[in-house]
Amino acid sequence: AFKTLSKMASGPSVFLLMVSGQIESAKFPEFDDLYCKYSFVYGQDWVVTSGLEEGISQITKKSRDARQIFIWNFPLDITFKTTNPHGWPQLVMSAYGLDAFGREVVRGYGAVHVPVAPGAASRVIPMFVPESSSKLQKFTSWIMGRRPEFIDPKFVAQGESREVTRVRTQGEITVNFDVITKDMKKFGYEVGAEREVTSKHVSRQPGTG
């Protein structure tokens, strides 16, 4: 996804990735009263300089029109600095609701990389849930209220490990991103035209120079 320039320009020792936007809406036709948790997962060379790494939305009901969607419009705002694009940040989400007995259960997990190119972008993320490996386990977990779920939702960002987990698709979440980068080109990477970063953007980044 990255084009490395043949000659790296001298200049800053880090580049910035500024991400804003919102977790807009979700489609889970079978359920009602859902909320969403999110967190960012990123490589060891990345550092958060401002904003929130994780959050939890309000509980919302499904719309009563033909769309039957959940509207959250939950804001995202975070800034990273790094020395290389390896471990580019991912947004990990998990949706939760209540079952027929009033117990909190996970309704879906999903993850998406923050767009590489600067500008506005919308992503629809398919959500999935882990499956019990047998009918007996399914029945037992239903009776006991212990549905299969991941101990750490960030597990879904690890594609290699996730392949051995039995899952089924369930629902989708729409996320709107607005991405600004600073100094990637000077650092040796070409991802498209960088949007101009004003002093207002830079002033809220402590220790980034």
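Is strand β8, at residues 104-113, mostly covered or mostly uncovered, and how many of its 10 residues are buried? Select residues 104-113 in your viewer, and you will have strand β8 in front of you, which is mostly covered, with 7 of its 10 residues buried. Keep in mind throughout the tour that this is a predicted model.

**The partner strand and the turn**

Leave β8 selected and add residues 90-98, which form strand β7; the two strands run antiparallel and are joined by 9 bridges. To look at one place along this pairing, pick out serine 94, which stands opposite tyrosine 109 of β8. In a regular strand, the side chains alternate between the two faces of the sheet. Now move to the end of the hairpin, where 5 residues lie between β7 and β8, and select glycine 102, whose phi is positive, near 80°.

**A lysine in a loop**

Next, select lysine 62, which you will find in the loop that lies between β5 (54-56) and β6 (70-82). Why does lysine 62 count as buried? The reason is that its relative accessibility is 11%, and a residue is called buried when this value is under 20%.

To see what surrounds lysine 62, leave aside its neighbours within four places in sequence and display the residues that it contacts, which are Phe28, Pro29, Phe31, Asp32, Gln68, Ile69 and Phe70. From this group, take proline 29, because its backbone oxygen lies 2.8 Å from a polar atom of the lysine 62 side chain. Then take aspartate 32, which is 30 residues away from lysine 62 in sequence, although the two C-alpha atoms are 5.6 Å apart in space.

**The whole chain**

Now zoom out and show the chain in full, where the secondary structure comes to 4 helices and 11 strands. Of the 209 residues in the chain, 42% are buried, while the area that the chain exposes is about 11400 Å², with carbon and sulfur atoms supplying 53% of it. If you consider the contacts between residues at least 6 apart in sequence, 74% of them join residues at least 24 apart.

**Where to be careful**

Finish by colouring the chain by pLDDT, which has a mean of 77, with 67% of the residues reaching 70 or more. Select residues 136-151, where the pLDDT is below 50, and note that in the model this stretch has 29 contacts beyond near neighbours in sequence. Residues 160-164 also have a pLDDT below 50, and this stretch has 4 contacts in the model beyond near neighbours in sequence.

Technical notes: Residues are numbered from 1 along each chain as its sequence is written. Side-chain values use heavy atoms; hydrogens and water are left out. Buried means under 20% relative accessible area, exposed over 50%, partly exposed in between (1.4 Å probe, protein chains only). Two strands pair if DSSP finds at least two bridges between them. Contact means heavy atoms within 4.5 Å. A polar contact is a pair of N or O atoms within 3.5 Å; within protein, one must be able to donate a hydrogen and the other to accept it, and residues adjacent in sequence count only if both atoms are side-chain atoms. pLDDT is the predictor's confidence in each residue, from 0 to 100. Accessible areas come from the Shrake-Rupley method with a 1.4 Å probe; for residues, only the protein chains shown count as cover.
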